[in-house]
Amino acid sequence: MRFGDAMDEALALARQAGLAGDIPIGAVVIDEAGQVIGRGKNEREAAGDPTAHAEVLALRQAAAVRGQWRLAGCTLVVTIEPCTMCAGAAVLARVDRVIFGAWEPKTGACGSIRDVVRDTRANHRCEVIAGVRAAAAGALMAEFFDERRS
C-alpha cells in the first residue's frame, strides 16, 4: 500500500488549518482498501477546543463512517508525529498503523520523546512509519512559526 496520496491529502488539510490560524497539521484515516474514511485538520483556535487536534477529528469521523469506535484495519496518516493525546487516541481506536511526515521533538509520542503507540504495556500497539513527505510537512510548520515570530 502506498501512503503518499493520503499524506498529500493530509498536507492539504494542514495548509487549510494554517490559513485559518491553527497550527498546520492535517490527518486522514484510510481503511483496508485505501479509501479515506476520516479527515481532520487542527481546529483548536477555530473551535476553542483543546482536543480539536487533526488526528482526533479524523478518528472521530472515521468511527462515525464505520459506525463503531474500533478502527482495526485502518491507518492514521498525519503530517506531524502525534502528541501523547493523539497517540493514545490511535491506540484506543485500535488503528493498525500510524504514518506521519515530520518528527516532533518537543511533544512527539510515536518515538521522539515518548512511544505511546508501541508501549508493550498497552493492550494494543500500532505499527509506525515515519518520514512520508517529511520535508513538506516540516516546511509547513517552519513557515507557520516563522510568520508568527516575525
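**Figure 1. Helix 4 and the residues it keeps buried.** The buried residues here are Cys86, Ala87, Gly88, Ala90, Val91 and Ala93, and they belong to helix 4. Please keep in mind as you look around that this is a predicted model. Helix 3, strand 3 and strand 4 are among the elements that cover the buried residues of helix 4. Just after the helix comes Arg94, with a positive phi near 65°. That value is worth a second look, since Arg94 is a residue other than glycine. You will find Arg94 in the loop between helix 4 and strand 4.

**Figure 2. Helix 3 and its packing partners.** Helix 3 covers residues 54-66, which makes 13 residues. From its first C-alpha to its last it reaches 18 Å, close to the 18 Å expected at 1.5 Å a residue. Which residues of helix 3 are buried? They are Ala54, Glu55, Val56, Leu57, Ala58, Leu59, Ala62 and Ala63. These buried residues pack against three strands, namely strand 1 (26-30), strand 2 (36-41) and strand 3 (75-80), and also against helix 4 (84-93). Gly67 follows helix 3, and its phi is positive, near 75°.

**Figure 3. Asp96 in the loop between helix 4 and strand 4.** This view is centred on Asp96, whose place is in the loop that joins helix 4 to strand 4. Asp96 counts as partly exposed because its relative accessibility is 30%, between the 20% limit for buried and the 50% limit for exposed. Leaving aside neighbours within four places in sequence, Asp96 is in contact with Ala72, Gly73, Cys74, Cys126 and Glu127. With Gly73 there is a polar contact to look for: the side chain of Asp96 reaches the backbone nitrogen of Gly73 at 3.0 Å. Arg125 is 29 residues away from Asp96 along the chain, yet their C-alpha atoms are separated by 7.7 Å.

**Figure 4. Arg125 and the backbone oxygens its side chain reaches.** Now move to Arg125, found in the loop between strand 4 and strand 5. Is Arg125 buried or partly exposed? Arg125 is partly exposed, because its relative accessible area is 42%. Its side chain reaches the backbone oxygen of Ala122 at 2.9 Å. The side chain of Arg125 also reaches the backbone oxygen of Thr120, at 3.4 Å. Thr120 appears again among the contacts of Arg125, together with Val117, Arg118 and Asp119, when neighbours within four places in sequence are left aside.

**Figure 5. His124, a buried residue in the loop between strand 4 and strand 5.** The loop shown here runs between strand 4 (97-102) and strand 5 (127-130), and His124 is found in it. His124 counts as buried because its relative accessibility is 15%, under the 20% limit. How many ångströms lie between the backbone oxygen of Val95 and a polar atom of the His124 side chain? The distance is 2.8 Å. Val95 is also one of the residues that His124 touches, along with Val91, Arg94 and Val117, not counting residues up to four places away in sequence.

**Figure 6. Arg133 between strand 5 and helix 5.** Arg133 has its place in the loop between strand 5 and helix 5. Its phi is near 55°, a positive value in a residue other than glycine. With a relative accessibility of 37%, Arg133 counts as partly exposed.

**Figure 7. The largest pocket and its lining.** About 430 Å³ of space lies in this pocket. The lining has 20 residues, and those nearest the centre are Ile23, Ile25, Glu104, Thr107 and Met141. Helix 5 (residues 134-149) gives the largest share of the lining, 5 residues. Sorted by class, the lining has 10 nonpolar, 4 polar and 6 charged residues.

**Figure 8. The second largest pocket and its lining.** This pocket holds about 180 Å³ of space. Its lining is made up of Ala14, Arg15, Gly18, Leu19, Pro24, Leu140, Glu143, Phe144, Glu147 and Arg148. Helix 1 (4-19) and helix 5 each supply at least two of the lining residues. The largest share, 5 residues, comes from helix 5. By class, the lining divides into 5 nonpolar, 1 polar and 4 charged residues.

Notes. Residues numbered from 1 in each chain as written. Predicted model: local features only at pLDDT ≥ 70, side-chain atom pairs only at ≥ 80, totals over all residues. Heavy atoms only, no water. Helix = DSSP H or I, 4+ residues; strand = E, 2+ residues; numbered from the N terminus. Expected span 1.5 Å × (residues − 1). Buried < 20%, exposed > 50% of the residue type's maximum accessible area, 1.4 Å probe, protein only. Contact = heavy atoms within 4.5 Å. Polar contact = N/O pair within 3.5 Å; in protein donor to acceptor, adjacent residues only side chain to side chain. 1 Å grid on protein atoms, 1.4 Å probe; cavity = no way out; pocket = protein on both sides within 12 Å on 5 of 7 lines; lining within 4 Å. Points joined across faces, edges and corners; volume = space filled by probe spheres on them. Nonpolar A, V, L, I, M, F, W, Y, C, P; charged D, E, K, R; others polar.
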